[in-house]
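Trainee: I should like to request a close look at a single part of this model.

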Amino acid sequence: MTILPTYDNPHELGKPLSAYTHVARAGNLVFVAGQCGIDKDNSVTGPDVTSQTYRAYENITKALISQGSSLLNVVRFVTYLVSADDVAEFYAARQAFFAAHYPNGQYPPNTLLIVQGLVRPDLRVEIDATAYRG
């Protein structure tokens, strides 16, 4: 049996910035494209890593819910920061967000990369996710 992927741009998220979709599903696997600190109108939530980190996780949450999944079903995050100077602020923001959403303290794996830049110069963090439905 062949499982064909489905692609979706949940209405809770802004229009993609280019030719891609926010989320794909193949069987029970859910893949969320990199999410940034961008509101539904594609404006940046703020210049700081904390506000952008929170919004990125909130956008991931919306994408997962649209596919019948949740943060508790995430098996891997990948995070991209534009500066090593932002690592401490990102860690603090992630810890605060995770404390509210993963009360048992079991957090998904995360790969953290420092990159030269993101698609827009006002973006400081981008996070993608892989999850399952169930």
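Which strands does helix H2 (residues 87–101) lie across, and at about what angle does H2 run to S5?

Mentor: The model is predicted, so local features need pLDDT of at least 70 and side-chain atom pairs count only at pLDDT 80 or more, while totals for chains, interfaces and linings use all residues. Residues are numbered from 1 along each chain as its sequence is written, and side-chain values use heavy atoms, with hydrogens and water left out.

Helix H2 lies across S4, S5 and S6, and runs at about 155° to S5. Helices (H or I, at least four residues) and strands (E, at least two) are DSSP runs, numbered from the N terminus; axes are lines fitted to C-alpha atoms, for helices over the stretch in contact, and angles run from 0 to 180 degrees between N-to-C directions.

Beneath this description is an open sheet of six strands with mixed pairing, ordered S1-S2-S3-S6-S4-S5; two strands pair if DSSP finds at least two bridges between them. Strand S4 (residues 74–81) joins S5 in the parallel sense through five bridges, and Val 78 has Thr 111 of S5 as its bridge partner.

H2 also packs with H1, at an angle of about 40° and with the axes 9 Å apart. The two helices are therefore oblique to each other, that is, outside the ranges under 35 degrees (roughly parallel), over 145 (roughly antiparallel) and 65 to 115 (roughly perpendicular). On the H2 side, the contact (heavy atoms within 4.5 Å) includes Phe 90, Ala 93 and Phe 97, and on the H1 side Tyr 54 and Tyr 57 are among the residues involved.
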